[in-house]
Amino acid sequence: MKSIDFYGKTLPVFKSALHIHSTLSDGDFQPEEVIRLYAEAGFDVLAFTDHHKANPVSSYDGQGMTLLSGIELHPTGPRGALWHLLALGVPEDFPGRYAAGQEAVDAVKAAGGLVYCAHPAGVFTSGEILALKGLDGLEVSNTNGRFIGLESSEVCWNELIAQDFICPAVAVDDTHTHCDLFGNWTVICAPDKRPETLLEALKQGSFYATQGPEFKRLSWKDGTFEAEFTEVVEAFLYGYPDMEIVGTPGFPTPETAPCLTSLKFTPRPNFRGRIRCRIRDRYNRCAWSMPVTF
């Protein structure tokens, strides 16, 4: 089993698909087929998040994976646009329709679940997202969104952090069909893969989001941030509120790119703020650590 040195704790890591649709809503795959595909691809955790309806995951054979109960909710938001709210850890009989976004978020939280703003890029502004109280984070990268040029919500994420919403961000496939499979996932760092343990780790921000690269160590000790990771060509550290950015300069080509496996940075004395790290490999795949306040 793989593990990570996560801010001084050695924790197992679990490859997780947290946004999946089946034939229960508008997905192409039967639930059993979705499970088979992700199990064969080496995933440890799979969340069913069909539109408007939670799946009876307790009746499914997870084929070695932990199955999480989830749902995607679509209440009306600003300007008449529909929210896409990804809820995890809700009961299997959780209601699927709400008139307003805040009502939906409040219901998920009351049921003990987590709720993320799904693929907000191009739909909602950071200010509109901030008005929705109780969110646990957002999706920074969404495989299905690439078809309309809205795969990345990193700019929106930066804006939220800069406005003191220190939200974690998951990476997901949002699987509907074969074209969506295995492009993004979330690596949960937790003592075990029981549903309650995984959900608590997500709540605490004990995870990272990725399209392929892997973090091996994240550390803040004696005023210095350090990260170790699989080989990449680019590594950046973003600091808030000043947006102090350190890392490799420019955007090197694969032929001239450096082979990076670590990043180390000591901020100015008495630094108070947030830090997150982004790495990119030669295949243009990224991974993102969660913002940590120091």
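In this predicted model, 22 residues line the largest pocket, and those that lie nearest its centre are F6, A201, Q204, G205 and S206. Two elements, β2 (9-20) and α5 (195-204), each give two or more residues to this lining. The largest share comes from α5, which supplies five residues. The space in the largest pocket amounts to about 350 Å³. By class, its lining divides into 14 nonpolar, five polar and three charged residues.

Helix α5 deserves a second look, as it comes up again outside the pocket count. Its buried residues are T197, L198, L199, A201 and L202. A201 thus appears twice, being buried in α5 and also among the residues that lie nearest the centre of the largest pocket. Just after α5, G205 takes a positive phi of about 75°. G205 likewise belongs to the group nearest the centre of that pocket.

The second largest pocket holds about 290 Å³ of space. Its lining is made up of 16 residues, and K2, V13, K15, V187 and E214 are the closest to its centre. Four strands give two or more residues to this lining, namely β1 (3-6), β2, β9 (185-189) and β11 (215-221). The largest share, three residues, comes from β2. Strand β2 is therefore a handy landmark for the reader, since it is listed among the elements that give two or more residues to the lining of the largest pocket and among those that do so for the second largest. As for residue classes, the second lining has eight nonpolar, two polar and six charged residues.

Attention now turns to charged pairs. Side chains of opposite charge can pair when their charged atoms come close. With a cut-off of 4 Å between the side-chain nitrogen and the carboxyl oxygen, the count comes to 15 salt bridges.

One of them joins R36 and E33, whose closest N and O atoms are 2.6 Å apart. These two residues are separated by about one helical turn, because they stand three residues apart in helix α1 (residues 31-40). R36 is partly exposed, with a relative accessible area of 28%, and E33 is also partly exposed, at 27%.

Another salt bridge brings together the side chains of E128 and R79, at 2.7 Å from N to O. E128 lies in helix α3 (residues 126-130), whereas R79 sits in the loop between β4 (66-73) and β5 (85-88), so this pair ties together parts that are 49 residues apart in sequence. The two partners differ in their surroundings: E128 counts as buried at 17% relative accessibility, while R79 counts as exposed at 59%.

A further case is the salt bridge of R278 with E234, where the closest N and O atoms are 3.5 Å apart. Here the pair ties together parts 44 residues apart in sequence, because R278 lies in strand β16 (residues 274-280) and E234 in strand β13 (residues 234-240). Both R278 and E234 are buried. The pair does not stand alone, as E154, E234, R276, R278 and R280 are linked in a network of salt bridges.

Notes
Residues are numbered from 1 along each chain as its sequence is written. This is a predicted model: local features need pLDDT of at least 70, side-chain atom pairs count only at pLDDT 80 or more; totals for chains, interfaces and linings use all residues. Side-chain values use heavy atoms; hydrogens and water are left out. On a 1 Å grid over the protein atoms alone, a cavity is a set of points where a 1.4 Å probe fits but cannot get out, and a pocket is an open set with protein on both sides within 12 Å along at least five of seven lines; lining residues have an atom within 4 Å of a point. Grid points are joined across faces, edges and corners, and a volume is the space filled by probe spheres set on the points. Ala, Val, Leu, Ile, Met, Phe, Trp, Tyr, Cys and Pro count as nonpolar, Asp, Glu, Lys and Arg as charged, and the others, Gly among them, as polar. Buried means under 20% relative accessible area, exposed over 50%, partly exposed in between (1.4 Å probe, protein chains only).
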